[in-house]
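User: Please take a close look at one part of this protein, the open sheet, and describe how its strands are arranged and what surrounds them.

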Amino acid sequence: MSRKLFAVLISFLLGMIASTALGGDYLHQLQDQGISTGHSDVAHWGPKADKYSSWTSHSNRLIPVYSFGTKGQPGGIDLNSYIGENSVYRSENKLRGVYGKPTEATLNPAADYMDQTNIFDLQKAALDAGKKNIFLVVFDGMDWQTTQAAAIWNTQEIPYTAGRGRGTHFQEYQADGTTQFGLMVTSPFCDDADVDVNKQIVKNSGGGLFGGYDFTQAGSAPWDQPTDILYLIGKSSTKNGVKHSYTDSASSATSMMGGIKTYNAAIGVGPRGERPKTIAHLAQEQGYVAGAVTSVPISHATPASAYAYNVSRNDYQDISRDMLGLPSASNPETPLRGLDVVIGAGHGVNDPSDKGQGENYVSGNKYLADDDLKKVNVENGGKYVVATRTTGADGKQVLAAAAAEAAKSGQRLLGYFGVGGGGDAAGHLPFCSAEGDFHPGLGVSKKLIAYEPADLTENPSLVDMTRAAIEVLSKNDKGFWLLVESGDVDWANHANNLDASVGAVNSGDAAVKAITDWVEQNSNWNESVLIVTADHGHYMFLDKPELLIRPENR
């Protein structure tokens, strides 16, 4: 029996033992029950209430925004600059400016919510005001319902049924009275575009549905029940009903970091091929340094949109080249400067060919070409101190040593880790469960995710990555901008996996706490700004949230 198969069997047996122990891995048990029977009393995913899983993609739900260091600040930084009476959704003219065209059934004279492009506006205002430390934390795929589920599990009660709530650090932390809460629309410019990845041009955009948000169907808040259960997933229960597109991670991240609406799958470019300067580029121009940290592959949509320009989110190697300051398909003659810190996953995922990456794809690592990894290393004359997953070495220590070297020498830092091979977990950091271990329940694919001991010891955590990035970036006297992405929330929700979803929220929450701890110890909330949000939602409904409470606690 191979070592890998043995590890899978052991993990499976441990999971079975835990999931049958009432009061033990209770949420694992609920998840397995929902997948195995097709029904769960606690929750369902999608428009069919009688089926545990009838939708595995995104939705157009309103997304919570938690800001810190913003309350009482000048206009543009205070969240009130974008919500309530200042919402762009109260003005048809402002909506036209945001969406680049007239919108259908999107005007709401009483709107309290903001738009995802306002996340860029807030960061830019903070940058222009000279705020020294600007953080953006994106929980990929975490909507209000996902956060509520995690909060109920964490508190073992139902702590709220509307509003900001409590149960995670980012909900409860007050940042010396400077925290605020709002909601935002994440709908894109449109669903699709016809692009040429080799020539890096947008030939035509406007395919599929256009974006917008009809509050009469969707509700004025994410805790409202939609009047048409299909509307939020781009469908309609009636023949002539209004339909709007829901975003993917690329379009949404481009909006939050580049300030424009665009088509799904766009990385940093607009529907007509525009290339706006992202907040990271603007920060570097003003003497700041900039970094991106993620629990998923480094060139996935969210970290990619922080810096790269590409007509397709699937052109991973070229995206990595942009992020690391190498010539790419979109910047062949004059490479971008490159981020000062890039830490994430993708290590060990190899593919001999990939048509989605165009003619210049190099056989080997799917996300970062092997030769490119060598080129950027300071040992070969590059600009980055490189830390990679190393057989037999503690991942946290490997990254910490590289961060200390980069901070001391004033060089850049690249951290490249992850679980290799194939399957649902390939390329990511190990996925956590609600209990904080690493054997989450089964998702819709019904494929067991199991890790070898080395997968857990040779990889740092998202918290470790966040601290390493701050250590390097904070050496710059002018200041820094940092993106942190908790990307495994999206994976869990695509898999309709409540166990993994709660675990992912808590993993990301720990990274938020690492940021707030650093600000308290090394800065303050007058010179620091933190935004915690998500790029889009999914479509999970908590039918009986009380069932998330362990039986002995009810």
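Analyst:

**The open sheet and its surroundings**

In this predicted model, strand 8 (residues 289-297) lies alongside strand 9 (residues 341-345), and the two pair in the parallel sense over four bridges. Within this pairing, Ala292 of strand 8 has Val342 of strand 9 opposite it.

These two strands belong to an open sheet of ten strands with mixed pairing, whose order reads 3-5-2-15-4-14-8-9-13-12. At its edges are strand 3 (114-115) and strand 12 (384-388), each of which pairs on one side only. Helix 13 (residues 395-409) packs on the sheet, where it touches strand 9, strand 12 and strand 13 (412-417). The direction of helix 13 makes about 165 degrees with that of strand 13.

In the sheet order, strand 14 stands between strand 4 and strand 8. On one side, strand 4 (residues 133-139) pairs with strand 14 in the parallel sense over seven bridges, and Leu136 is placed opposite Leu483 in strand 14. On the other side, strand 8 and strand 14 also run parallel, joined by six bridges, with Thr294 standing opposite Glu485 in strand 14.

How far is strand 14 (residues 480-486) enclosed by the rest of the structure? Seven of its seven residues are buried, so strand 14 is largely enclosed; the cut-off behind this statement is a relative accessible area under 20%. The cover extends to both faces of the strand: Phe480, Leu482, Val484 and Ser486 are buried on one side, while Trp481, Leu483 and Glu485 are buried on the other. Two of these residues appear in the pairings already described, since Leu483 faces Leu136 and Glu485 faces Thr294.

To place the sheet in the whole protein, there are 17 helices and 16 strands in all. The radius of gyration is 22 Å, close to the 24 Å that the globule rule gives for 554 residues, so the protein is as compact as a globular protein of that length. Along the principal axes, the C-alpha atoms fill a box of roughly 65 × 60 × 50 Å. Of the 554 residues, 62% count as buried, and among contacts between residues at least 6 apart in sequence, 71% join residues at least 24 apart. The accessible surface comes to about 19800 Å², and 50% of that area belongs to carbon and sulfur atoms.

Note on methods
Residues numbered from 1 in each chain as written. Predicted model: local features only at pLDDT ≥ 70, side-chain atom pairs only at ≥ 80, totals over all residues. Heavy atoms only, no water. Pairing = 2+ DSSP bridges. Contact = heavy atoms within 4.5 Å. Axes fitted to C-alpha atoms, helices over the stretch in contact; angles between N-to-C directions. Buried < 20%, exposed > 50% of the residue type's maximum accessible area, 1.4 Å probe, protein only. Rg over C-alpha atoms; globule rule 2.2 N^0.38 Å. Areas by Shrake-Rupley, 256 points an atom, 1.4 Å probe, with all protein chains shown as cover.
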